[in-house]
Amino acid sequence: MAAKILVSVLALWVLWRTIESEDLFRVLASADPVLVAAVVALYLMGQALTAYRWKVIADRLGFRHRLREMTRFYFIGMFFNLFGVSTVGGDLVRSLYLGQRDNRRTLAFHTVLFDRLSGLAMLVLVAVAALLLFGRYDLPWPLVALTVAAGAGLTIGWWIVPPLARRIFSPGSRMLRLIEEDLEPFWRDRQLLIRAAWVSSSFHVLQVFALILLGRSIHMQVEWRYYFIFHPLVTVLSAMPVSLAGLGIREMGYVWFLKRQGVPADTAFAFGLLWFAVLTISSLSGGLVYLLSGASVPVARSPRGRQQQVPTLSDP
């Protein structure tokens, strides 16, 4: 955790040294509050959409929860993702809520993992599709090639997991049974994969439109097509577990991509900070859901089989 905080602070410090603080504050002060509020609303709609994607995945593995419950679990996990110890902490909380009814916490965690991986894969594929449809916007060829290769690798890699597992794990092993039996729909159920991909694509398009509105709120002049290229790439970059909730890394990414389109560094930095503010406000709504749900997380079993309360933000 200390290392992540250090990376975020260092990245923000480097950005701060490259801009004029007065210009940054001027851009932030000029933001249209109505448009920013609309961005928050669109982001929350997107999170509700991804909660539905998670429900589609969980239903296929035999979990039976209403969409309202799944959305509640998802928003609480969103709160812990930003304000907990790590992204994995929020994912663990989601899986504990999902698996508490019939004590299938391991399988519940795999629904969360697949939900994340499917979203990441579609995010990269959105960037690949945008590059093919709209052009590379003078981005470096190595970056374009890496993005296309990552999209192809994620797509191909997904289908070779079962045969690769048969080569790695011994017949009858617990891990092989998990992959070939419990998680079998993830590899073979085309309807599940198509539905998850469709919801993920819709979510990413909605999020890009939210960012376009955010850019307009500070009068940032960027062609709308370019958002479909730089936002997925910055999101993947900021998802790497090297900083605190992507803070600093995300802003550096936005500055680098937007400066290539003639956007001043202070405006690009302000854009990144505003987006982080949107993420924070939205995650706080998950905190409100958490409080209304009793401010407690379902218990998890320790290695010795005892049940323990998962630490919450109020715990020492």
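## Close-ups of a predicted helical model

**View 1. Phe 271 and the residues around it.** Leaving aside residues up to four places away in sequence, Phe 271 touches Leu 211, Leu 214, Gly 215, Ile 218, Met 220, Tyr 227, Phe 230, Tyr 254 and Leu 258. Keep in mind that this is a predicted model. Phe 271 also belongs to an aromatic cluster, together with Tyr 137, Tyr 226, Tyr 227, Phe 230, Tyr 254, Trp 256 and Phe 257.

**View 2. The largest nonpolar core.** Here we step back to a set of 49 residues. Which of them touch the most other members? They are Tyr 227, Phe 230, Leu 258, Phe 271 and Trp 275. Plenty of helices chip in with at least two residues each, including helix 2 (21-29), helix 3 (33-60), helix 6 (105-134) and helix 12 (224-238). Helix 14 (265-292) is on that list too, and helix 14 gives the most, with 9 residues. As a rule of thumb, nonpolar side chains in soluble globular proteins tend to be buried together.

**View 3. A second core, separate from the one above.** This core has 33 residues. Among them are Ala 51, Phe 63, Phe 73 and Ala 108. Phe 63 has a charged partner as well: the charged end of Arg 104 sits over the Phe 63 ring, 4.1 Å from its centre.

**View 4. Another charge over a ring.** This time the pair is Arg 94 and Trp 54. The charged end of Arg 94 sits over the ring of Trp 54, at 4.7 Å from the ring's centre.

**View 5. Two Phe rings, edge-to-face.** Searching the whole structure turns up 21 aromatic pairs. One of them joins Phe 79 and Phe 80, with 5.5 Å centre to centre and 80° between the planes, making the pair edge-to-face. Are these two residues buried or exposed? Both Phe 79 and Phe 80 are buried.

**View 6. Back out to the whole protein.** To place the close-ups, here is the full picture: 14 helices and 2 strands. The C-alpha trace spans about 60 × 45 × 35 Å along its principal axes. The radius of gyration is 21 Å, which agrees with the value near 20 Å that a compact globule of 316 residues would have. Buried residues account for 48% of the 316. Of the contacts between residues at least 6 apart in sequence, 71% join residues at least 24 apart. As for the outside, the accessible surface comes to about 16,100 Å², and 65% of that belongs to carbon and sulfur atoms.

Notes. Residues numbered from 1 in each chain as written. Predicted model: local features only at pLDDT ≥ 70, side-chain atom pairs only at ≥ 80, totals over all residues. Heavy atoms only, no water. Phe/Tyr/Trp six-rings, centres within 6.5 Å; stacked < 30°, edge-to-face > 60°. Buried < 20%, exposed > 50% of the residue type's maximum accessible area, 1.4 Å probe, protein only. Lys NZ or Arg CZ within 6 Å of the ring centre and 35° of its normal. Core = buried A, V, L, I, M, F, W, Y, C linked by side-chain atoms within 4.5 Å. Helix = DSSP H or I, 4+ residues; strand = E, 2+ residues; numbered from the N terminus. Contact = heavy atoms within 4.5 Å. Rg over C-alpha atoms; globule rule 2.2 N^0.38 Å. Areas by Shrake-Rupley, 256 points an atom, 1.4 Å probe, with all protein chains shown as cover.
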